[in-house]
Structure formats: structure tokens, C-alpha cells
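This note is addressed to a colleague who is meeting the structure for the first time. Please read the numbered points alongside the model displayed here.

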Amino acid sequence: MGQNQMMRNSSLLFILVFLLFSCEAKHYYQDTKDVKDEWKSNQPQIFTFDVKDPKPSAVNIGFVLRNNTSYEYSNLYLFTKFIDPKGNEMIDTLQYYIANPDGSWIGKGMTTKEMMLVYRENLPIKDSGRYQLKIWQGMRTKNLKGIEDISLIVDKAE
């Protein structure tokens, strides 16, 4: 895949995600975890949200990542574990590109870059109760520098 094609795909994905998350003013759930510019590989960020609606529905889940320009990589690997109220686990390894091949950042901002990352779209939520998402950084360094914080956003799918 050529550099122009990758940049075009990255730009289209960013626009799609931005539109997806900016349509509603209020999110079903949103929380931010500050990793203080040093995310340790053995330090999961844990998000917990309650679903009170007894009828099945679906949600869109995404992250807002804020990194500073001292981040040394063009991508970010994340390990996730999503746990439903019955204890069922869904485990993923995710890779996101946060810089273009030319080294320019994909997110918006000057020294701190912010970008939206899609985790799951139309994820079925069948049970009411407590849901939990644990996120670890999956890079090959124990102390990942340059990540300021990560937010979880959950919206009801339409």
C-alpha cells in the first residue's frame, strides 16, 4: 500500500470516527484515566460502567487518546479485556496508527495530540449490570512515555 493510500485511509477513518462520536452531545458513559506521561505495561487502565436497561441493545465503544510529541512511535498496541456482568470475557489485541508515514501526527492539537480510536461498533449488550473494560499498553517497552491520558466513550448504537 502506498504512502498516499495509507494517509487517505487514515484521514477517512479519523473523519468517520469523529463524526461517529460528535453526533451526540452527551455520551452514555465517558471517563478519562491519566497515565501521567508514563504508562507502565503492567498497569491496566480500568473503566467500569453500569447498564440499567433490562432490554437488549447495542453500544459503540471508542477511546480518546491524548499523546504528546515526545511519543516515540507511529503506532500503539493495546491489550483489552471486556468483562460482562456474567463474567464472560472478550480479549483483544489492537493496533492503532497515530502518526503518518512521514512522521506527522494524525490527531489534532499542537504539543498534545488528541484522536478518536474505534474499539467496537454495535456491540450487543444483552444483560443489565456492571461492565468492565481493562486496557494495557502493549508496546515493547515497560514504561511507555508520551501518552498523557486515555478516555473511554460508550454511546448507544442507533
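1. Strands β5 and β6 run antiparallel and are joined by nine bridges. In this predicted model, Ile83 stands opposite Glu89 of β6. The hairpin that these two strands form has five residues between them, and Gly87 there adopts a positive phi near 90 degrees.

2. Strand β5 is also paired with β8: six bridges join the two, and they too run antiparallel. One position to inspect is Lys81, whose bridge partner in β8 is Lys134. Strand β5 thus has bridges both to β6 and to β8.

3. The wider arrangement may now be considered. The protein contains one helix and ten strands. Along the sequence, the helix is followed by the strands, in the pattern α-β-β-β-β-β-β-β-β-β-β. Among contacts with a separation of 6 or more, 80% are between residues 24 or more positions apart.

4. Which residues have the most contacts inside the largest nonpolar core? They are Phe63, Leu78, Phe82 and Leu152, in a core of 34 residues. At least two residues of this core come from each of β3 (45-51), β4, β5 (75-83), β6 (89-97), β7 (112-125), β8 (129-137) and β10 (147-156). The greatest contribution is that of β7, which supplies five residues. The strands of the hairpin described in point 1, β5 and β6, are therefore both among the contributors, given that each supplies at least two residues.

5. A single polar position deserves separate attention. Asn67 lies in strand β4, which covers residues 57-68. Is Asn67 buried or exposed? Its relative accessible area is 1%, and because the cut-off for a buried residue is under 20%, Asn67 counts as buried.

6. The surroundings of Asn67 can be listed. Leaving aside residues up to four places away in sequence, Asn67 touches Ile98, Trp105, Thr111, Thr112, Lys113, Gly146, Ile147 and Glu148. Of these partners, Thr112 and Lys113 fall within the span of β7 (112-125), and Ile147 and Glu148 within that of β10 (147-156).

7. Two overall values complete the description. Of the 158 residues of the protein, 38% count as buried. The accessible surface comes to about 9,100 Å², and carbon and sulfur atoms account for 51% of this area.

Conventions. Residues numbered from 1 in each chain as written. Predicted model: local features only at pLDDT ≥ 70, side-chain atom pairs only at ≥ 80, totals over all residues. Heavy atoms only, no water. Helix = DSSP H or I, 4+ residues; strand = E, 2+ residues; numbered from the N terminus. Buried < 20%, exposed > 50% of the residue type's maximum accessible area, 1.4 Å probe, protein only. Contact = heavy atoms within 4.5 Å. Core = buried A, V, L, I, M, F, W, Y, C linked by side-chain atoms within 4.5 Å. Areas by Shrake-Rupley, 256 points an atom, 1.4 Å probe, with all protein chains shown as cover. Pairing = 2+ DSSP bridges.
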